[in-house]
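I opened the notebook to record what I looked up, place by place, and what I found there.

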Amino acid sequence: MKKTVICDLLGIKYPIIQGGMAWVSTASLAAAVSEAGGLGIIGSGHNDGKWVREQVKRAREITAKPFGVNVMMMSPFVEEVMQVILEERVPVITTGAGNPAKYIPQLKEIGTKVIPVIPSVALAQRLEKAGVDAVVAEGTESGGHIGELTTMTLVPQVVDAVKIPVIAAGGIADGRGLVAAFALGAAGVQIGTRFMCAQECEIHDNVKQMVLKAKDRDTAVSGRTTGHPIRCLKNKLTKLYDEMERRCAPIEEMEELGAGKLRAAMIDGNIETGTVACGQIAGLIKEIKTAEEIINEIVAGARSLMTTLEV
Ligand code: TUI
């Protein structure tokens with residue numbers, strides 16, 4: 001498999017990063033992905049510093065390989081999560097839903113690589129100036145909190161606008177997606193939805209089965225009117241959001257409705273009334289496999305495609 005600058009930067013075998021999904025990417029999944037040669041990421045979501053420290057310790061019991069933590073910048077616990085990352089000397093962080101610029105100097109001081117997830121060229125350029133090591137350019141095909149541009153349009157524009165490595169995300173789940181990302185100029189991929197169906201992923205089985213059953217048009221975006229759009233599998237909750245958006249319900253009412261719903265889906269298995277954050281590529285995922293099988297399949301698929309295409 002093609003070694004890229006991302007492999008050297010992060011000390012990994014394959015340029016495959018697992019998305020740091022709130023309530024989904026616990027130590028079990030992250031460590032399994034890292035063991036298999038990718039970069040596993042613990043998704044801190046709205047969890048506190050204590051939870052993050054426990055997950056980091058659990059991951060270190062399973063693997064000696066590098067792994068990262070995703071920091072959700074809208075979380076009320078950002079400060080303490082960053083503190084734990086510094087104390088535990090986590091080698092890599094990704095960030096979502098905001099701008100991590102003010103934390104960069106401290107993180108760089110201890111050698112932590114900082115890789116923000118960005119939805120636009122302007123933010124990629126701003127963060128390059130602030131000193132980040134790479135960016136994840138995430139298209140609107142992704143699950144969870146999303147931007148507007150597609151992966152196909154965002155990735156090459158970011159690649160042309162910055163000098164740091166760009167990792168493509170959004171709509172990628174197999175070897176074809178990895179090769180397509182290389183063709184767009186990316187040095188690697190971040191994959192979320194596919195890893196929801198990894199054996200080591202600790203989410204409720206109801207969610208895994210819902211992803212396996214999903215077809216191409218089964219996701220919906222809720223909350224465009226609130227300024228925090230989120231892509232999920234369609235269910236009773238997304239229908240309720242649609243109805244609220246049509247009648248221009250107050251933003252506070254919609255945000256209140258969303259509170260605690262991601263946990264309700266991912267942990268408790270409430271797939272009709274919870275937030276089943278999921279990307280548009282769900283329709284491609286047909287089986288539960290181990291993280292190692294998923295990574296090996298992506299790498300083998302990309303390898304044979306690159307030979308056929310002579311790239
Ligand atoms: O962060 C994500 N995806 C997420 S976070 C999440 S947790 C959640 N839980 C309940 C409701 C809502 C969210 C679920 N999924 N992806 C990375 C991402 N970051 N996508 C878009 C962005 C982004 C958006 C704006 C990054 C930066 C940004 O800029 C803000 C600024 O300060 O300029």
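Which residue in β3 does Gly-43 stand opposite? I noted first that I am working with a predicted model, and then found that the partner across from Gly-43 is Asn-70 in β3.

**Entry 1, β2 and β3.** I followed the pairing along both strands and found that β2 (residues 40–43) and β3 (residues 67–72) run parallel, with 4 bridges joining them. Between the two, the chain passes through helix α3 (residues 49–62), and I recorded this β-α-β crossover as right-handed. I then checked which way the residues of β2 point: Gly-40 and Ile-42 face one way, whereas Ile-41 and Gly-43 face the other, and all of them are buried.

**Entry 2, the ligand.** I listed the shell around the ligand and found 14 residues, of which Ala-97, Val-117, Leu-123, Glu-138 and His-145 come nearest. By type, the shell divides into 7 nonpolar, 5 polar and 2 charged residues. I went on to the polar contacts, and for Ala-97 I found a polar backbone atom 2.9 Å from a nitrogen atom of the ligand. His-145 likewise offers a polar backbone atom, with a ligand nitrogen atom at 2.9 Å. With Glu-138 it is an N or O atom of the side chain that takes part, and the distance to a nitrogen atom of the ligand is 3.1 Å. I also looked up the cover: the ligand taken alone exposes 720 Å², and the protein buries 73% of that area. As for the elements that give two or more residues to this shell, I wrote down α6 (121–129) and β7.

**Entry 3, the sheet with β7.** Since β7 had come up at the ligand, I looked at its sheet, which is open and is formed by 3 strands in the order β7-β11-β10, with antiparallel pairing. Why do β7 and β10 each have one side without a neighbour in the sheet? Both β7 (144–145) and β10 (219–222) stand at the edges and have a single partner strand each, so one side of each is left unpaired in the sheet. I counted 4 bridges between β10 and β11 (residues 230–233), in the antiparallel sense, and in that pairing Thr-219 stands opposite Leu-233 in β11.

**Entry 4, two positive phi values.** I returned to Ala-97, this time for its backbone, and found a phi near 60°, which is a positive value in a residue other than glycine. Ala-97 lies in the loop between β4 (92–96) and α5 (104–109), and its relative accessibility of 23% makes it partly exposed. Cys-248 gave me a further positive phi in a residue other than glycine, here near 50°. This residue is found in the loop between α11 (236–246) and α12 (251–258). Is Cys-248 buried or exposed? I noted a relative accessible area of 65%, so Cys-248 counts as exposed.

**Entry 5, Thr-193.** Last, I looked up Thr-193, which lies in helix α9 (residues 193–196) and is buried, with a relative accessible area of 9%. What lies 2.9 Å from a polar atom of the Thr-193 side chain? I found the backbone nitrogen of Gly-279 there.

How values were computed: Residues are numbered from 1 along each chain as its sequence is written. This is a predicted model: local features need pLDDT of at least 70, side-chain atom pairs count only at pLDDT 80 or more; totals for chains, interfaces and linings use all residues. Side-chain values use heavy atoms; hydrogens and water are left out. Two strands pair if DSSP finds at least two bridges between them. Buried means under 20% relative accessible area, exposed over 50%, partly exposed in between (1.4 Å probe, protein chains only). A residue is near a molecule or strand if one of its heavy atoms lies within 4 Å of it. A polar contact is a pair of N or O atoms within 3.5 Å; within protein, one must be able to donate a hydrogen and the other to accept it, and residues adjacent in sequence count only if both atoms are side-chain atoms. Accessible areas come from the Shrake-Rupley method with a 1.4 Å probe; for residues, only the protein chains shown count as cover. Ala, Val, Leu, Ile, Met, Phe, Trp, Tyr, Cys and Pro count as nonpolar, Asp, Glu, Lys and Arg as charged, and the others, Gly among them, as polar. A crossover is right-handed if, with the strands pointing away from the viewer, the path from the first strand over the helix to the second runs clockwise.
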